[in-house]
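Biologist: I'm new to this one, and I'd like a close look at a single part of it. Could you put it up and then walk me through what surrounds that part?

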Amino acid sequence: MARTDPAKASTCVASEFAGRSDGWPGLQKAYGFTLPKSSVATLAEGAIYDAIGKGKPCDFGEVATTDGRIKALGLTSIPDDKKFFPVYNPALTLRDSVYKDHPAIEKIMNPIAAALSDSVLQTLNGEVDIKGEEATDVAQKWLQSKGFIGE
């Protein structure tokens with residue numbers, strides 16, 4: 001749609017994304033389209049989800065694929081088949097000295113990291129952001145349900 005009828009591809013982006021070469025300008029270049037300025041709205045990042053859900057002022061928007069509002073609002077993520085965006089998956093970060101003293105951390109954390117797909121993260125984030133549950137409670141329940149920790 002962005003190439004065939006750019007005026008109908010209304011898009012919402014956050015102000016930071018709008019001007020970055022690894023944001024809106026780079027995305028248009030990588031995918032070979034240009035939208036008229038009248039088809040691009042700059043909104044606060046959090047407001048983009050509701051705007052897409054309502055189709056006003058946009059039908060497309062910049063979002064995080066792990067955000068719980070995607071599923072809750074019935075939105076669909078479009079795959080980045082050109083691999084324009086870097087992968088921003090969550091990762092355990094710790095001091096090198098801690099890792100050297102406790103190398104078993106890797107054996108414990110790798111299966112947990114592997115189980116945290118975009119879909120799982122959407123669901124877990126939705127429980128916090130949409131249902132209002134405490135993040136620590138959601139994490140503990142999920143870790144227990146997967147057998148990573150005991151009750």
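Which residue does a disulfide join to Cys12? Take that link as the part to look at, and tell me what lies around it.

Modeller: Happy to. Keep in mind that this is a predicted model.

The partner is Cys58, with the two sulfur atoms 2.0 Å apart. Searching the whole structure turns up one disulfide, so you won't have to choose between several. Its two ends come from distant parts of the chain: Cys12 is in strand S1, while Cys58 is in the loop between H3 and S3, and 46 residues separate them. Are these cysteines buried or exposed? Both Cys12 and Cys58 are buried. As for the twist of the link, the torsion about the S-S bond is about -105°, which makes this disulfide left-handed.

Stay for a moment in the loop that holds Cys58. Pro57 is in that loop between H3 and S3 too, and the peptide bond leading from Lys56 into Pro57 is cis, with omega near 5°.

Now go to the other end of the link, to S1 and what packs on it. The buried residues of helix H2 pack against S1, H1 and strand S2, which covers 40-42. Those buried H2 residues are Trp24, Gly26, Leu27, Gln28 and Tyr31. If you'd like a hint for reading that list, an α-helix has 3.6 residues a turn, so residues three or four places apart point the same way. Just after H2, Gly32 takes a positive phi of about 70°.

Ala18, which is found in helix H1, gives you a view of this same neighbourhood from another side. Setting aside neighbours within four places in sequence, Ala18 is in contact with Val13, Trp24 and Pro25. What about its cover? Ala18 has 27% relative accessibility, so it counts as partly exposed. For a sense of distance across the model, Ala18 and Asp118 lie 100 residues apart in sequence and 24 Å apart in space, C-alpha to C-alpha.

The stretches we've visited also turn up around an open space. The largest pocket has a volume of about 1,700 Å³. Of the 45 residues lining that pocket, Gly61, Val63, Thr65, Ile78 and Phe85 are the closest to its centre. Strand S1 (11-13), helix H1 (15-19), helix H2 (24-31), helix H3 (47-54), strand S3 (60-61) and helix H4 (68-72) each supply at least two residues of the lining. Among these, H2 gives the most, with three residues. Sorted by class, the lining has 25 nonpolar, eight polar and twelve charged residues.

A couple of loop residues are worth finding next. Asp67 has its place in the loop between S3 and H4. With a relative accessible area of 11%, Asp67 is buried. Not counting residues up to four places away in sequence, Asp67 touches Tyr49, Gln122 and Asn125. Lys83 sits in the loop between H4 and helix H5, which runs over 96-101, and has a relative accessible area of 68%, so Lys83 is exposed. Lys83 also has a positive phi of about 55°, although it is not a glycine.

Further along the chain you'll find the second largest pocket, which holds about 370 Å³ of space. It is lined by 16 residues, of which Pro90, Ala91, Leu92, Met109 and Ala113 lie nearest its centre. Helix H6 (104-115) and helix H7 (118-129) are the elements that give two or more residues to this lining, and the largest share, six residues, comes from H6. By class, the lining of the second largest pocket has eleven nonpolar, three polar and two charged residues.

Finally, step back to see the whole thing. The protein has eight helices and three strands, and from the N terminus on they run β-α-α-β-α-β-α-α-α-α-α. Its C-alpha atoms fill a box of roughly 55 × 35 × 25 Å along the principal axes. The radius of gyration is 19 Å, where a compact globule of 151 residues would have one near 15 Å. Buried residues make up 23% of the 151, and Cys12 and Cys58 are among the buried ones. Of the contacts between residues at least 6 apart in sequence, 60% join residues at least 24 apart.

How values were computed
Residues are numbered from 1 along each chain as its sequence is written. This is a predicted model: local features need pLDDT of at least 70, side-chain atom pairs count only at pLDDT 80 or more; totals for chains, interfaces and linings use all residues. Side-chain values use heavy atoms; hydrogens and water are left out. On a 1 Å grid over the protein atoms alone, a cavity is a set of points where a 1.4 Å probe fits but cannot get out, and a pocket is an open set with protein on both sides within 12 Å along at least five of seven lines; lining residues have an atom within 4 Å of a point. Grid points are joined across faces, edges and corners, and a volume is the space filled by probe spheres set on the points. Helices (H or I, at least four residues) and strands (E, at least two) are DSSP runs, numbered from the N terminus. Ala, Val, Leu, Ile, Met, Phe, Trp, Tyr, Cys and Pro count as nonpolar, Asp, Glu, Lys and Arg as charged, and the others, Gly among them, as polar. A disulfide is a pair of cysteine sulfur atoms within 2.5 Å. Buried means under 20% relative accessible area, exposed over 50%, partly exposed in between (1.4 Å probe, protein chains only). The radius of gyration is taken over C-alpha atoms; the globule rule is 2.2 Å times the number of residues to the power 0.38. Contact means heavy atoms within 4.5 Å.
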